[in-house]
Amino acid sequence: MNVVILLFDGFDELDAIGPFEVFQNAARAGAAVESTLCTLDAVESVTASHGLRVEPDAVLADTDPDLLLVPGGGWTDPDSPGVRREYDHGGIPDAVANAHWDGATVASVCTGAMLLSRAGVLDGRPAATHAAAEDDLRATSADVRDARVVDDDDVLTCGGVTSGLDLAVHVVAREFGSEIAAHVTSEMEYEPSGDVLSNDD
């Protein structure tokens, strides 16, 4: 499974790095998963919302994601880099729409759901986001749910920041089994909330 995490200036560090660590630990536990940090365009580094600088591994066009994960960050501050600027620019939403059209599962953490909404992949579908963006998401065609993680098959969303850990652990359990997921959470000393809404519910 090829997991691609799409970074941009102003992304929230934990939204991306938390899931990245979960998937890396899953790989060490035997899961057939690779994680890549990418950007839409070629850049030397990306600066996150709290000042962390990250050197991406690739550009999105050079990857072939099975799962494309979009972090949040910066939705409520249009004067700073982040989701709001990327939403208005449209490049990332277009890329998300194309990846989904090509068969990738897409996921968002926190206000990254607004980029999935702009891409059209949340139309009529259940979704979660950070509390600060719930009203904005409700104003779209998404069906906003009060859950930490929402699993709608090829589209997954979750609440704010630390919810990304829950989402990533859920994906590991869904794709590679509960034993590997338990190994990951034990190593990370993290206990997911278990608040997952799936289309089976």
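How many of the residues of α4 are buried? Seven of its eight, so to speak of α4 as mostly covered is fair by the definition used here. Keep in mind throughout that this is a predicted model.

**Helix α4 and what surrounds it**

Helix α4 spans residues 112-119. Its buried residues are Gly112, Ala113, Met114, Leu115, Leu116, Ser117 and Ala119. What sits over them? The cover includes two helices that come before α4 in the numbering, α2 (83-89) and α3, along with α5 (134-138). Strands contribute too: β6 (67-70), β7 (105-108) and β11 are part of the cover. Just after the helix, Gly120 takes a positive phi of about 90°.

Met114 is a handy residue to zoom in on. It lies in α4, and its relative accessibility is 1%, so Met114 counts as buried. Leaving out residues up to four places away in sequence, Met114 touches Trp75, Val83, Tyr87, Ala133, Asp136, Leu137 and Thr140. Trp75 is 39 residues from Met114 along the chain, yet the two C-alpha atoms are separated by 8.3 Å.

**Helix pairs**

Three helix pairs are worth pulling up in your viewer. Here are their packing numbers.

| Pair | Axis separation | Angle |
|---|---|---|
| α3 (residues 91-101) and α4 | within 8 Å | roughly 70° |
| α1 (residues 13-28) and α7 | within 9 Å | roughly 120° |
| α6 (residues 163-176) and α7 | 7 Å | about 150° |

Start with α3 and α4. At roughly 70° between the axes, α3 is roughly perpendicular to α4. The crossing of the two is right-handed. On the α3 side the contact uses Ile92, Pro93, Val96 and Ala97, and α4 brings Leu115, Leu116, Arg118 and Ala119. Sorted by class, that contact has seven nonpolar residues, no polar ones and one charged.

Now α1 and α7. With an angle of roughly 120°, α1 is oblique to α7. This crossing is right-handed as well. From α1, the residues Glu21, Val22, Asn25 and Ala26 meet Ile180, Val184, Glu187 and Met188 of α7. The class count here is five nonpolar, one polar and two charged.

Helix α7 also packs against α6. At about 150°, α6 is roughly antiparallel to α7. The α6 residues in the contact are Leu165, Val169, Val172, Ala173 and Phe176, and α7 supplies Ser178, Ile180, Ala181, Thr185 and Met188. By class there are eight nonpolar residues, two polar and no charged ones. Ile180 and Met188 turn up in the α6 contact, and both are also in the list for α1.

**Cysteines**

How many disulfides does a search of the whole structure find? Zero. Cys38 is in no disulfide, and the nearest cysteine sulfur to its own, that of Cys158, is 18 Å away. Cys38 has 0% relative accessibility, so it counts as buried.

Why is Cys158 not bonded to Cys110? The closest cysteine sulfur to that of Cys158 is the one in Cys110, but it is 7.7 Å away and therefore too far for a bond; a disulfide here needs the sulfur atoms within 2.5 Å. Cys158 is also buried, at 0% relative accessibility.

**Two positive phi angles in loops**

Most residues other than glycine have a negative phi, so two spots may catch your eye on a backbone plot. Which loop holds Asp153? The one between β10 (149-152) and β11 (155-158). Asp153 has a positive phi of about 65° and is not a glycine. Because its relative accessibility is 45%, Asp153 counts as partly exposed.

The other one is Glu189, again not a glycine, with a positive phi of about 50°. Glu189 sits in the loop between α7 (178-188) and β12 (196-198). Is Glu189 buried or exposed? Its relative accessible area is 75%, so Glu189 is exposed.

Methods. Residues are numbered from 1 along each chain as its sequence is written. This is a predicted model: local features need pLDDT of at least 70, side-chain atom pairs count only at pLDDT 80 or more; totals for chains, interfaces and linings use all residues. Side-chain values use heavy atoms; hydrogens and water are left out. Buried means under 20% relative accessible area, exposed over 50%, partly exposed in between (1.4 Å probe, protein chains only). Helices (H or I, at least four residues) and strands (E, at least two) are DSSP runs, numbered from the N terminus. Contact means heavy atoms within 4.5 Å. Axes are lines fitted to C-alpha atoms, for helices over the stretch in contact, and angles run from 0 to 180 degrees between N-to-C directions. Angles under 35 degrees count as roughly parallel, over 145 as roughly antiparallel, 65 to 115 as roughly perpendicular and the rest as oblique. A crossing is left-handed if the near helix is turned anticlockwise from the far one by less than a right angle, and right-handed if clockwise. Ala, Val, Leu, Ile, Met, Phe, Trp, Tyr, Cys and Pro count as nonpolar, Asp, Glu, Lys and Arg as charged, and the others, Gly among them, as polar.
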